[in-house]
Amino acid sequence: PEVPCVASDNFGGGQMAAKKLVELGCKRLLFFRIGSAVAGESDKRRDGFEAFCRSADIDYDVLYLLDSDGHAPFREFLENHMEEGRLAYDGIFCCTDLLALDIQNMLAELGVRVPDEVQIIGFDGIALHTGRTLECSTIVQPIPLLAETCVDILLKEDRSDLPSLICLPVSYAQGGTTLE
């Protein structure tokens with residue numbers, strides 16, 4: 001309890017993703033998440049996404065799955081929301097870049113073109129920190145700063161003045177799954 005949590009601004013990143021999709025012309029948005037049943041900082045991505053959509057009066061839906069559910073419900077959801085060969089949504093924010101790539105592949109199998117028909121933003125941006133090219137547009141976590149901050153905190157003798165959460169800024173990077 002005396003060591004604070006160091007995290008990316010997950011709430012701000014969710015807001016940033018929804019705002020970017022709207023700026024790029026999207027009118028009906030989706031949030032897709034798969035993960036643990038244990039609540040964590042990354043759950044704030046959804047909170048930020050929903051807060052922006054509500055404040056901007058943007059139509060949106062959420063599919064929030066547990067790891068044990070697998071990816072089949074995403075495919076089923078997409079198939080059930082096809083209308084005359086088009087997806088009923090034009091913008092999707094995924095909780096991770098990996099999920100964004102999986103959703104892009106599912107959409108391709110359904111004949112939906114990304115980013116022309118549906119724009120997708122993921123969350124992580126880890127490829128940038130490994131020297132690889134981004135495979136999807138993403139909210140980028142400041143990985144080196146996260147690591148440096150954690151080490152600084154662990155080496156600090158007196159942590160009594162530290163907040164329980166240290167939240168570091170995120171940024172947006174275009175990676176081909178959004179129009180620019």
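Which residue has its backbone nitrogen 2.9 Å from a polar atom of the side chain of Ser137? That residue is Gly175. Let's work up to the rest of the picture.

Before we start: this is a predicted model, where local features need pLDDT of at least 70, side-chain atom pairs count only at pLDDT 80 or more, and totals for chains, interfaces and linings use all residues. Residues are numbered from 1 along each chain as its sequence is written, and side-chain values use heavy atoms, with hydrogens and water left out.

**Exercise 1. Lay out the sheet and the helices across it.**

Step 1. Strands here are DSSP runs of E, at least two residues, while helices are runs of H or I, at least four residues, both numbered from the N terminus. Two strands pair if DSSP finds at least two bridges between them.

Step 2. Read off the order: β3-β2-β6-β7-β8-β10, an open sheet of six strands with mixed pairing. At the edges sit β3 (59-66) and β10 (171-173), each paired on one side only.

Step 3. Zoom in on β7 (residues 119-124) and β8 (residues 137-140): they run parallel, joined by four bridges. Asp124 stands opposite Val140 in β8.

Step 4. Add helix α4 (residues 97-109), which lies across β2, β6 (91-94), β7 and β8 and runs at about 155 degrees to β7. Axes are lines fitted to C-alpha atoms (for helices, over the stretch in contact), and angles run from 0 to 180 degrees between N-to-C directions. Contact means heavy atoms within 4.5 Å.

**Exercise 2. Describe the surroundings of Ser137.**

Step 1. Place Ser137 in strand β8. Its relative accessible area is 0%, so Ser137 is buried (under 20%; exposed is over 50%, partly exposed in between, with a 1.4 Å probe and protein chains only).

Step 2. List the neighbours: leaving out residues up to four places away in sequence, Ser137 touches residues including Ile120, Gly122, Tyr172 and Gly176.

Step 3. Look for a side-chain partner: the Ser137 side chain makes a polar contact with that of Thr178, at 2.7 Å. A polar contact is a pair of N or O atoms within 3.5 Å; within protein, one must be able to donate a hydrogen and the other to accept it, and residues adjacent in sequence count only if both atoms are side-chain atoms.

**Exercise 3. Explain what keeps Cys26 and Cys95 out of disulfides.**

Step 1. The cut-off for a disulfide is a pair of cysteine sulfur atoms within 2.5 Å. The structure holds zero of them.

Step 2. Cys26 stays unbonded because its sulfur is 10 Å from the closest cysteine sulfur, in Cys53, too far for a bond.

Step 3. For Cys95, the closest cysteine sulfur is in Cys94, 7.0 Å away, so that is too far as well.
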